[in-house]
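Trainee: I have just opened this one and would love a guided tour. Could we start in the middle and work outwards?

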Amino acid sequence: MARLAVGHVFGFLQKRHPGPADELIDKIPGSRQAIADAAAAPRKKSVLRGLLGGVGGMMGGAKGDMLALTSELTALGLSADQLKRLAHEIFGGAELVIGKEKLRVMTDPIPGLSGFLWPHG
């Protein structure tokens, strides 16, 4: 589950910010395979996934993409607390790998994510 979740997050970043995301992905062994595994994994059907995915499709843009990602992760069985921990682990590690400035290029456009990751600026 964790590998698929990481693959979904990295795939999301790669789709939205190919340059900076590729730099990050290339520096983390196994991340390209995790993205491929997540893309190829069978999708679990759930009411929440369908609802979030549908709303995300209607919204479009960063908010829509974020809702679609959230629906994928909740369909894997992740709780809200696990989603928070996943974000802190992935983005905390990413900051160490590519630096805060490059990471912020990817995260600042995502509604609410920068405030969540760096509540003190």
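Mentor: Gladly. This is a predicted model, and its largest nonpolar core has 26 residues, with V9, L13, L73 and F91 touching the most other members. Two or more core residues come from each of helix 1 (2–16), helix 2 (18–27), helix 5 (61–75), helix 6 (80–98), helix 7 (100–107) and helix 8 (113–117).

Trainee: Which helix gives the most to this core?

Mentor: Nonpolar side chains tend to be buried together in soluble globular proteins. Among the elements that give two or more residues here are helix 1, helix 5 and helix 6. The one that gives the most, with seven residues, is helix 6.

Trainee: What does F91 touch, leaving out residues up to four places away in sequence?

Mentor: F91 is one of the buried residues of helix 6, and it is among the core residues that touch the most other members. Beyond its sequence neighbours, F91 touches V9, L13, L103, T107, L113 and L117.

Trainee: How many helices and strands does the chain have?

Mentor: Reading from the N terminus, the elements run α-α-α-α-α-α-α-α. That gives zero strands, and the number of helices is eight.

Trainee: How far apart are the end C-alpha atoms of helix 6?

Mentor: Helix 6 has 19 residues, and at 1.5 Å a residue it should span 27 Å. The model agrees with that expectation, because the end C-alpha atoms of helix 6 are apart by 27 Å.

Trainee: Why do the buried residues of helix 6 lie on the same side?

Mentor: The buried residues of helix 6 are L83, L86, A87, I90, F91, A94 and I98. An α-helix has 3.6 residues a turn, so residues three or four places apart point the same way. On the other side of helix 6, D81, R85, E89 and L96 are exposed. The buried set sits on one side of helix 6 because it covers an arc of only 105°.

Trainee: Which residue with a positive phi follows helix 6?

Mentor: Look just past the end of helix 6, where the phi angle is near 95°. The residue with that positive phi is G99.

Trainee: What is the arc of the buried residues in helix 2?

Mentor: Helix 2 buries A21, L24 and I25. Seen down the axis, these residues line one face of helix 2, because they fall within an arc of 95°.

Trainee: And what covers those buried residues of helix 2?

Mentor: Several elements share the work. The cover over the buried residues of helix 2 includes helix 1, helix 3 (31–40), helix 6 and helix 7.

Trainee: Which residues are buried in helix 7?

Mentor: Cover for the buried residues of helix 7 includes helix 1, helix 2, helix 6 and helix 8. The residues beneath that cover are L103, M106 and T107. They are on the same side of helix 7, because their arc around the axis is only 90°.

Trainee: Is L103 buried or exposed?

Mentor: L103 is found in helix 7. Leaving aside neighbours within four places in sequence, L103 is in contact with F91, A94, E95, I98 and W118. Its relative accessible area is 0%, under the 20% cut-off, so L103 is buried.

Trainee: How far apart in space are the C-alpha atoms of A5 and L76?

Mentor: A5 has its place in helix 1 and counts as buried, at 1% relative accessibility. Outside its neighbours within four places, A5 is in contact with L73, L76, L78 and L86. Although A5 and L76 are 71 residues apart along the chain, their C-alpha atoms are separated by 7.5 Å.

Trainee: With which residues is S31 in contact, leaving aside its neighbours within four places?

Mentor: S31 is in helix 3 and is buried, with a relative accessible area of 2%. Its contacts outside that sequence window are F10 and I25.

Trainee: Where is confidence lowest in the chain?

Mentor: The chain has a mean pLDDT of 84, and 83% of its residues reach 70 or more. Helix 3 has the highest confidence, at 96. The lowest, at a mean of 48, is in helix 4 (residues 47–59).

Notes. Residues numbered from 1 in each chain as written. Predicted model: local features only at pLDDT ≥ 70, side-chain atom pairs only at ≥ 80, totals over all residues. Heavy atoms only, no water. Helix = DSSP H or I, 4+ residues; strand = E, 2+ residues; numbered from the N terminus. Core = buried A, V, L, I, M, F, W, Y, C linked by side-chain atoms within 4.5 Å. Buried < 20%, exposed > 50% of the residue type's maximum accessible area, 1.4 Å probe, protein only. Contact = heavy atoms within 4.5 Å. Arc of directions from axis to C-beta. Expected span 1.5 Å × (residues − 1). pLDDT = per-residue confidence, 0-100.
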